[in-house]
Amino acid sequence: DMGACHILFIPAQQQDRLEEIRRQLGDKRVLTIGDAEGLGRRGVGINFVLVDGQLKFEMNRATIEQKGLLVSSQLLKLAILVDGNNK
């Protein structure tokens, strides 16, 4: 039951199920985290990416705010901010 969790990790192998997962979560306050190219722009809250051989993270602020989650300003300073589908 995904609705009982607070954080949901979506591995690259499951990225094809992203829309199904988002439908199942609905408006529940769940932070989604991924590790595949483009997941941040597709509406995942935080997405880990490699940039020039270094691990960094993208943050889809609109998705996070839509879920009613709060983000530290310090964390926002470290993130690569992305826009994308946050429906």
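**Exercise 1. Overall form**

What percentage of the 87 residues in the protein do buried residues make up? Determine also how the radius of gyration relates to that of a compact globule.

*Solution.* The model under study is a predicted one.
- Step 1. Of the 87 residues, 34% are buried, where buried stands for a relative accessible area under 20%.
- Step 2. A compact globule with 87 residues would have a radius of gyration near 12 Å; the protein has 12 Å, so the two agree.
- Step 3. Along the principal axes, the C-alpha atoms fill a box of roughly 35 × 30 × 20 Å.
- Step 4. Among contacts with a separation of 6 or more, 37% are due to residues 24 or more positions apart.
- Step 5. The exposed area of the protein is about 5,600 Å², and carbon and sulfur atoms supply 52% of that area.
- Step 6. The protein carries 12 positive and 11 negative charges, and the mean positions of these two sets are 5 Å apart.

**Exercise 2. Elements and sheet**

List the secondary-structure elements in chain order, and explain why one side of β1 and of β5 has no neighbour in the sheet.

*Solution.*
- Step 1. The protein contains three helices and five strands, and from the N terminus these follow one another as β-α-β-β-β-α-α-β.
- Step 2. The five strands make an open sheet in the order β1-β2-β3-β4-β5, and the pairing is mixed.
- Step 3. β1 (7-10) and β5 (80-81) stand at the edges with a single partner strand each, and therefore one side of each is left without a neighbour in the sheet.
- Step 4. In general, strands of a sheet pair through backbone hydrogen bonds, in either a parallel or an antiparallel sense. Here β2 (residues 31-34) pairs with β3 in the parallel sense over two bridges.
- Step 5. The pairing of β3 with β4 is antiparallel and extends over six bridges.
- Step 6. β4 (residues 54-59) and β5 run parallel and are joined by two bridges; E58 has I80 in β5 as its bridge partner.

**Exercise 3. The hairpin and its turn**

Which residue in the turn between β3 and β4 has a positive phi, and is that residue buried or exposed?

*Solution.*
- Step 1. β3 and β4 form a hairpin with two residues between them.
- Step 2. V51 stands opposite Q54 in β4, and F48 has F57 in β4 as its bridge partner.
- Step 3. D52 is located in the loop between β3 (46-51) and β4. The phi of D52 is positive, at about 50 degrees, although D52 is not a glycine.
- Step 4. The relative accessibility of D52 is 80%, so D52 counts as exposed; the cut-off for exposed is over 50%.

**Exercise 4. Two buried positions**

Describe the surroundings of N47 and of V30, and state where each residue lies.

*Solution.*
- Step 1. N47 belongs to strand β3 and stands opposite G34.
- Step 2. N47 is buried because its relative accessible area is 0%.
- Step 3. With neighbours within four places in sequence left aside, the contacts of N47 include G34, D35, A36, G38, L39 and G40. K56, F57 and E58 are also in contact with N47.
- Step 4. N47 and A79 are 32 residues apart along the chain, and their C-alpha atoms are separated by 9.7 Å.
- Step 5. V30 is placed in the loop between α1 (18-25) and β2. The relative accessible area of V30 is 2%, so V30 is buried.
- Step 6. Residues up to four places away in sequence are not counted here: V30 touches M2, C5, H6, I7 and L8, as well as L25, K67 and L69.
- Step 7. From V30 to S73 the C-alpha distance is 19 Å, with their positions 43 residues apart in sequence.

Note on methods. Residues are numbered from 1 along each chain as its sequence is written. This is a predicted model: local features need pLDDT of at least 70, side-chain atom pairs count only at pLDDT 80 or more; totals for chains, interfaces and linings use all residues. Side-chain values use heavy atoms; hydrogens and water are left out. Helices (H or I, at least four residues) and strands (E, at least two) are DSSP runs, numbered from the N terminus. The radius of gyration is taken over C-alpha atoms; the globule rule is 2.2 Å times the number of residues to the power 0.38. Buried means under 20% relative accessible area, exposed over 50%, partly exposed in between (1.4 Å probe, protein chains only). Contact means heavy atoms within 4.5 Å. Accessible areas come from the Shrake-Rupley method with a 1.4 Å probe; for residues, only the protein chains shown count as cover. Lys and Arg count as positive and Asp and Glu as negative; His and the chain ends are not counted. The place of a charge is taken as NZ of Lys, CZ of Arg, CG of Asp or CD of Glu. Two strands pair if DSSP finds at least two bridges between them.
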